[in-house]
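Welcome! Please take a moment to look over the sequence and the 3D view, and then read on for a guided tour.

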Amino acid sequence: MTNVVMPQMGESIAEGTIVRWIKKVGDSIDRDEPLFEISTDKVDAEIPSPAAGVLTEIKVKEGETVAVNSVVATIGMAGEVRTKGEVSEPPVPEAAVGQAESPATPSAPVDAAGDVEEPAADTAEGLRRQKSSPLVRKIAHEHKVDLSQVHGTGLSGRVTKQDILGYIQLGKSGPRPAAPPPGPTYKPGEHVHVVPMSVMRKKIAEHMVLSARTSPHVYSVYEVNFSRVSMLRDRKKAEYEAGGAKLTYTAFIAKVAIDALRQFPIVNATLDGDNIVYKKDINLGIAVALDNGLIVPVIKNADEKNLLGLTRAINDLANRARTKKLNPEEVQSGTFTITNPGIFGALYGMPLINQPQVAILGVGSIDKRAVVIDDAIAIRPVCHITLGHDHRLVDGADAGRFLSFVKERLENFDEAWM
């Protein structure tokens, strides 16, 4: 018998939700054939079967969330299929796919002082508590604080010294008055249709609330003349398409943004408590709209690619994002994000920062407009680009210099950069 476990979809992921079982109990399945679909706070993905055989038991129902490495199903022979009257055991954490079942992990012991020992790292709570330094854990232990209840503002949600001290201080001054419960948004008998939020929608909601709460957002908007880029795109798109790459404006913007990140590394940084972490790699996230949400695949080491390489990477990641074929590492470790509300006709956007990054570039629609050139009115393709930035680290002057650089490069794009 082979155990099927909830996979570790990234180093900071502690749990996942079963969205859909592609196979049902009793179905035959081949190794690497899609078995079930999951959703985490990083990616939605179809998970392949770790072995060939028959799906003998499903331990976790659709819509349930379990810790990574929990057994969610078993694969065996046809004669091992669990009958209808039998009850499944609750999922237990496993070391890896395909290993034999191990005894359930006992509850965390309690010492004489009544303190609960920290749970093992293979539980969801344990993984969250791992995101803290020994000093933070010592402070939490001394003040009897459960670290899983503390919102971390460090890298990947790590709890910093400031986070734990602030939490303790809040406790000493007393809890904030609870907000009154919201009233119903509709009345009995009102003509409405109520459906539960999808897992992806819930995760997006959590991330956006976290971002708004974490970063003081400031926005700068610049107008860019796309005449040069439009001309080059028209000239080169047939050549690119012959090579299997659809040349879009996004690729030009990505190329210039990468150059700007090299020039202004503060925009490619992040905050870790009181420390500024300058990222030497430029890992560019490109937001992709899906039917039921949004996902941000990441082009790793994007500064090593020319325009053709960026075009191919953007096309590939967008296509696989829409077909749920992304690998976990392809949605992790982004250092800067580009999002394009302009494809839906927006003049410009004011996007929320993709934590723990400190800036995000929003691209508006590219439309022909009347502009003044050398005291004469002319018609040109114009686009508004927005830099949303975390004012804890990036000031308005930094944003202005960054956007001025992007504007100048786009308006004078050199064919040698292609």
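The sections below go from the whole chain to its helix packing, its cores and a few single residues.

## The chain as a whole

Keep in mind from the start that this is a predicted model. The chain has 418 residues, and 43% of them are buried. Its secondary structure comprises 8 helices and 19 strands.

How do contacts spread along the sequence? If we take contacts between residues at least 6 apart in sequence, 61% of them link residues at least 24 apart.

## Helix α6 meets helix α7

Two packed helices are described by the angle between their axes and the distance between the axes. Let us start with helix α6, which covers residues 249–263, and helix α7, which covers residues 307–322. Their axes are 9 Å apart, and the packing angle is about 120 degrees. The two helices are therefore oblique to each other, since 120 degrees falls outside the ranges for roughly parallel (under 35), roughly perpendicular (65 to 115) and roughly antiparallel (over 145). The crossing of α6 and α7 is right-handed.

On the α6 side, the contact is formed by Thr 250, Ala 251, Phe 252, Ala 254, Lys 255 and Ile 258. On the α7 side, the partners are Leu 307, Leu 310, Thr 311 and Ile 314. Sorted by character, the residues of this contact are 7 nonpolar, 2 polar and 1 charged.

## Helix α6 meets helix α8

Helix α6 also packs with helix α8, which spans residues 396–411. Here the axes come within 9 Å and cross at roughly 135 degrees. That angle makes α6 oblique to α8. The crossing of α6 and α8 is right-handed.

Which residues bring the two helices together? From α6 come Phe 252, Ile 253, Val 256, Ala 257, Asp 259, Ala 260, Leu 261 and Gln 263. They meet Phe 402, Phe 405, Val 406, Arg 409 and Leu 410 of α8. In this contact, 10 residues are nonpolar, 1 is polar and 2 are charged.

## The nonpolar cores

The largest nonpolar core contains 56 residues. Those with the most contacts inside this core are Phe 252, Phe 336, Ile 338, Leu 361, Phe 402 and Leu 410. Helix α6 gives the largest share of the core, with 9 residues. Another core lies apart from this one and has 16 residues, including Ile 29, Leu 55, Val 72 and Ala 73.

Phe 402 is a good residue to click on. What does Phe 402 touch, leaving aside its neighbours within four places in sequence? Its contacts are Ala 257, Ala 260, Leu 261, Phe 264, Val 267, Phe 336 and Leu 387. Among these, Ala 257, Ala 260 and Leu 261 also appear in the contact of α6 with α8.

## Two neighbours in helix α2

Next, look at helix α2, residues 134–142, where Leu 135 is found. Val 136 is placed in α2 as well. Are these residues buried, or do they reach the surface? Leu 135 has a relative accessible area of 43%, so it counts as partly exposed. Val 136 has a relative accessibility of 1% and therefore counts as buried.

Leu 135 and Thr 160 are 25 residues apart in sequence, while their C-alpha atoms are 9.2 Å apart in space. For Val 136 and Leu 147, 11 residues apart along the chain, the C-alpha separation is 8.9 Å. Setting aside neighbours within four places in sequence, Val 136 is in contact with Leu 147, Val 159, Thr 160, Lys 161 and Ile 164.

## Special spots in the loops

Three loop positions deserve a look at the backbone. The peptide bond that runs from Gln 355 to Pro 356 is cis, and its omega is near 5 degrees. Pro 356 sits in the loop between β16 (336–339) and β17 (359–363).

Lys 324 is not a glycine, yet it has a positive phi of about 60 degrees. Lys 324 belongs to the loop between α7 and β16, and with 28% relative accessibility it counts as partly exposed. Asp 374, also not a glycine, has a positive phi of about 55 degrees. This residue lies in the loop between β18 (367–373) and β19 (376–390). At 74% relative accessibility, Asp 374 counts as exposed.

Key:
Residues are numbered from 1 along each chain as its sequence is written. This is a predicted model: local features need pLDDT of at least 70, side-chain atom pairs count only at pLDDT 80 or more; totals for chains, interfaces and linings use all residues. Side-chain values use heavy atoms; hydrogens and water are left out. Axes are lines fitted to C-alpha atoms, for helices over the stretch in contact, and angles run from 0 to 180 degrees between N-to-C directions. Helices (H or I, at least four residues) and strands (E, at least two) are DSSP runs, numbered from the N terminus. A crossing is left-handed if the near helix is turned anticlockwise from the far one by less than a right angle, and right-handed if clockwise. Contact means heavy atoms within 4.5 Å. Ala, Val, Leu, Ile, Met, Phe, Trp, Tyr, Cys and Pro count as nonpolar, Asp, Glu, Lys and Arg as charged, and the others, Gly among them, as polar. A nonpolar core is a set of buried Ala, Val, Leu, Ile, Met, Phe, Trp, Tyr and Cys residues joined through side-chain atoms within 4.5 Å. Buried means under 20% relative accessible area, exposed over 50%, partly exposed in between (1.4 Å probe, protein chains only).
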